[in-house]
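Open the model in a viewer and set it to a cartoon with side chains available on demand. The stops below say what to select and what is found there.

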Amino acid sequence: MNWQATLTWQNAQKRAQILQQIRQFFAERQVVEVETPALSQGTVTDVYLDAFTCKYNFLADSPAGHSTSLYLQTSPEFHMKRLLACGYGCIFQIAKAFRHEESGRNHNPEFTMLEWYRIGFDQFDLMQEVAELLQVVLGGNKVLFSSYQDIFMKTVAVDPLTASFAELVELLNKYDKSADWLIEMQDADLLLQFIFTEIIEPTIGINQPQFIYDFPIAQASLARVSIDDSRVAQRFECYFKGIELVNGFNELTDANEQQIRFEQDNAKRAAQGLSARPIDKNFIDALKHGLPQCSGVALGIDRLVMLALDIKKISEVQSFSIERA
């Protein structure tokens, strides 16, 4: 029966209503809907994201007889920031995104993302707007806010900004989460991310949406450094009922700093035996031209629908899962 949809007609209508609510939310705030390419000549350098690659033979500057690699976008971020650099005002997009990852309860390699950018907003302004959108779609009116440092201190009694590699290993052992491959990498930031995912995430946003903000710089390559603490960058995430729903930034606008961070990503990829990714030259050129101070956020539409309809599997809010695509 693989020809049949994984999304019922009844839930398809409810999903459509949620999309209408989202578009109305932005129309009321005069945020303009845009559309950008799913294919690009550049992609993300993030160590923990893998893009799908395809070949194209017909670019004007393609060598004779050779294909050019194109990438399905993991998010519309770079293209949307290029629009801002062109002089666009506040914008949003509901777009297909693609990530070469294993499918599961909360993830399909092809999914729908809502992304928007607000000129003049900082991360706290944008977190408040995200909270307002969640109230429209999910109901309720109370959200929680915690810094990355505070949630570590509260949950595992370790300061993530000062802890040594040895202290983080000790913490993993305490929670019986240690693994040889983790220790062998000799990467304290990797340990922090593993601790956050395996130990802290299951404790946050249980009964109401919870925002975590001010992530370590190594985990926020596209965000501005905090003016209050140079060890962290102005990145935030939001969790609700065991689901990571939102990822946002007060955007980095310095082209030179962005180039350095992309190169650092590729150095990490090499250290982990991964291939380097081409740095998106068009994106860097747009930053050199000038990106206005802005904050941007990505929200998983499928996961939002799961929460709104109390559905536990992402396949049940998508017309066809990857197994039936």
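Start with N250 as sticks: in this predicted model the residue is buried, with a relative accessible area of 5%. The cut-off for buried is under 20%, so N250 falls in that class at 5%. Its place is in strand β10, residues 243-250.

Next, show the side chains around N250. Which side chains does the side chain of N250 meet in polar contacts? One is that of Q234, at 2.5 Å. The other is that of Q293, with a polar contact of 3.0 Å. Then select the wider surroundings: leaving aside neighbours within four places in sequence, N250 is in contact with F121, D122, Q123, L222, A223, R224, Q234, Q293, C294 and S295.

C294 leads to the next strand. Select β11, residues 294-300, together with β6: the two pair in the antiparallel sense over seven bridges. C294 in β11 stands opposite I119.

Stay on β6, residues 110-119, and colour it by accessibility: eight of its ten residues are buried, so the strand is mostly covered. Now add β5, residues 91-98, which runs antiparallel to β6 and is joined to it by eight bridges. To find the register, pick A95, which stands opposite M113 in β6.

Zoom out to the whole sheet. It is open, has eight strands and mixed pairing, and reads β1-β5-β6-β11-β10-β9-β8-β7 in order. At its edges are β1 (32-33) and β7 (144-147), each pairing on one side only. At the β7 edge, select β8 (residues 210-216): β7 and β8 pair in the parallel sense over four bridges. F145 there stands opposite F211 in β8.

Two helices that pack on this sheet are worth selecting in turn. Helix α2, residues 77-85, touches β5, β6 and β11. The direction of α2 makes about 25 degrees with that of β6. Helix α4, residues 148-156, touches β7 and β8, and its direction makes about 105 degrees with that of β8.

Now hide the sheet and show helices α3 (residues 123-138) and α10 (residues 301-309). Their axes come within 10 Å and cross at roughly 45 degrees. Why is α3 called oblique to α10? An angle between 35 and 65 degrees counts as oblique, so the crossing at roughly 45 degrees makes α3 oblique to α10. Show the side chains of L134, V137 and L138 on α3 and of L304, L307 and A308 on α10, which make the contact. Of these residues, six are nonpolar, with no polar and no charged ones.

Move to the other sheet. This open sheet has three strands in the order β2-β4-β3, with antiparallel pairing. The edge strands are β2 and β3 (53-56), and each pairs on one side only. Four bridges join β3 to the antiparallel strand β4, residues 68-72. Select Y56 to see one pair: its bridge partner in β4 is T68.

The last stop is S40, found in strand β2 (residues 39-40). Is S40 buried or exposed? S40 is buried, with a relative accessible area of 7%. A polar atom of its side chain lies 3.1 Å from the backbone nitrogen of G42. Not counting residues up to four places away in sequence, S40 touches L70, Y71, Q73, H79 and D280.

Methods
Residues are numbered from 1 along each chain as its sequence is written. This is a predicted model: local features need pLDDT of at least 70, side-chain atom pairs count only at pLDDT 80 or more; totals for chains, interfaces and linings use all residues. Side-chain values use heavy atoms; hydrogens and water are left out. Buried means under 20% relative accessible area, exposed over 50%, partly exposed in between (1.4 Å probe, protein chains only). Two strands pair if DSSP finds at least two bridges between them. Contact means heavy atoms within 4.5 Å. Axes are lines fitted to C-alpha atoms, for helices over the stretch in contact, and angles run from 0 to 180 degrees between N-to-C directions. A polar contact is a pair of N or O atoms within 3.5 Å; within protein, one must be able to donate a hydrogen and the other to accept it, and residues adjacent in sequence count only if both atoms are side-chain atoms. Angles under 35 degrees count as roughly parallel, over 145 as roughly antiparallel, 65 to 115 as roughly perpendicular and the rest as oblique. Ala, Val, Leu, Ile, Met, Phe, Trp, Tyr, Cys and Pro count as nonpolar, Asp, Glu, Lys and Arg as charged, and the others, Gly among them, as polar.
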